[in-house]
Amino acid sequence: MGINHNEIMPEQDEEGISPVPEPQTWNKKTVKMLYKALAHGQSETIARLVAADLEYWYHGPPPRQHMMKILTGESSHTEFKFKPRSIMAIGDRVITEGWDGFKTYWVHVWTLNKEGVIIQFREYFNTWLTVLLRASETGDEFPVWQSDPWERLHRSLPDLVLAI
């Protein structure tokens, strides 16, 4: 199972050679494919991209668990639309964020295995998130990503730190 990387292969250069992308590039493209499949209700594509035993974690108001409801088929892809405003890959993780007006802000952290299948999903709804990268040699942590919701200027959001 997994994705067919030929579907998302980058364009060739002037000599007709396709550069071999870094795993982070594949992971980012895989997550982009997932959002596109979600937006169009393409359940077969979603099933190829997401592991059947997906590990899921959620932080936010219980009625706002939109993504899990879409992934499990409890609600349709038309009830809540996820439009990522930013996508960043860090190792085996892809962080996406989006917002819709002043009341809806979300961050998704997707973890992919070496085969390009999404195996873990963390959803943060109306939460300010800081992601830290932990250096294995020293144990030091370095900030690598932070939420950027424009509506933060207009209201308060709870803060969380995710160490990877």
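This is a short tour of the structure above, with a residue or element to select at each stop.

**Stop 1: the whole chain**

Keep in mind from the start that the model is predicted. Begin with the cartoon of the full protein chain, where you will find three helices and eight strands. Followed from the N terminus, the elements come in the order α-α-β-α-β-β-β-β-β-β-β. The chain has 164 residues, and 41% of them count as buried. Among the contacts with a separation of 6 or more, 54% join residues that are 24 or more positions apart.

**Stop 2: the five-stranded sheet**

Now select strands 1 to 5. In what order do the five strands of this open sheet stand? The order is 1-5-4-3-2, and the pairing is mixed. Strand 1 (50-59) and strand 2 are at the edges with a single partner strand each, so each has one side without a neighbour in the sheet. Look along the sheet and you can see the twist: on average, neighbouring strands are turned by 20° against each other, direction ignored.

Add helix 1 (residues 23-40) to your selection. This helix lies across strands 1, 2, 3, 4 and 5, and its direction is at about 130° to strand 4.

**Stop 3: the hairpin and its next partner**

Zoom in on residues 86-90, which are strand 2, and residues 93-100, which are strand 3. The two strands pair in the antiparallel sense over five bridges. To see one facing pair, show A89 and V94, which stand opposite each other. Two residues lie between the strands of this hairpin. Click on G91 in the turn, where phi is positive at about 60°.

From strand 3, move across to strand 4. This pairing is antiparallel as well, and it runs over eight bridges. Here E97 is a good residue to pick, with V107 of strand 4 opposite.

**Stop 4: R93 in strand 3**

Stay in strand 3 and show the side chain of R93. Is R93 buried or partly exposed? Its relative accessibility is 21%, so R93 counts as partly exposed, given that buried means under 20%. The side chain of R93 makes a polar contact of 3.4 Å with that of D92. For a view across the chain, draw a line from the C-alpha atom of R93 to that of I118: they are 25 residues apart along the chain, with 9.2 Å between them.

**Stop 5: H108 in strand 4**

Next, select H108, which belongs to strand 4. Its relative accessible area is 0%, so H108 is buried. Which side chains does H108 meet through polar contacts? One is Y35, at 2.6 Å, and another is E123, at 3.4 Å. If you show everything in contact with H108, leaving aside neighbours within four places in sequence, you will also find M67, F82, V94, I95, T96, F121 and R122 among the residues there.

**Stop 6: the aromatic rings**

Colour the aromatic side chains. The structure holds seven aromatic pairs. Take W110 and F121 as an example: their ring centres are 4.1 Å apart and their planes meet at 25°, so this pair is stacked. W110 is in strand 4 (residues 104-112) and F121 is in strand 5, so the pair ties together parts that are 11 residues apart in sequence. Both W110 and F121 are buried.

Now widen the selection to Y35, Y56, F82, W106, W110 and F121, which ring pairs link into a cluster. One more ring deserves a click: W57 has the charged end of R122 sitting over it, 5.4 Å from the ring centre.

**Stop 7: Q120 in strand 5**

Finish with Q120, found in strand 5 (residues 118-125). Is this residue buried or exposed? With a relative accessible area of 13%, Q120 is buried. Its side chain makes a polar contact of 3.0 Å with the side chain of E55. Not counting residues up to four places away in sequence, Q120 touches L54, E55, R93, V109, W110 and T111. Two names in that list come from earlier stops: R93 and W110.

Terms used. Residues numbered from 1 in each chain as written. Predicted model: local features only at pLDDT ≥ 70, side-chain atom pairs only at ≥ 80, totals over all residues. Heavy atoms only, no water. Pairing = 2+ DSSP bridges. Helix = DSSP H or I, 4+ residues; strand = E, 2+ residues; numbered from the N terminus. Buried < 20%, exposed > 50% of the residue type's maximum accessible area, 1.4 Å probe, protein only. Polar contact = N/O pair within 3.5 Å; in protein donor to acceptor, adjacent residues only side chain to side chain. Contact = heavy atoms within 4.5 Å. Phe/Tyr/Trp six-rings, centres within 6.5 Å; stacked < 30°, edge-to-face > 60°. Lys NZ or Arg CZ within 6 Å of the ring centre and 35° of its normal. Axes fitted to C-alpha atoms, helices over the stretch in contact; angles between N-to-C directions.
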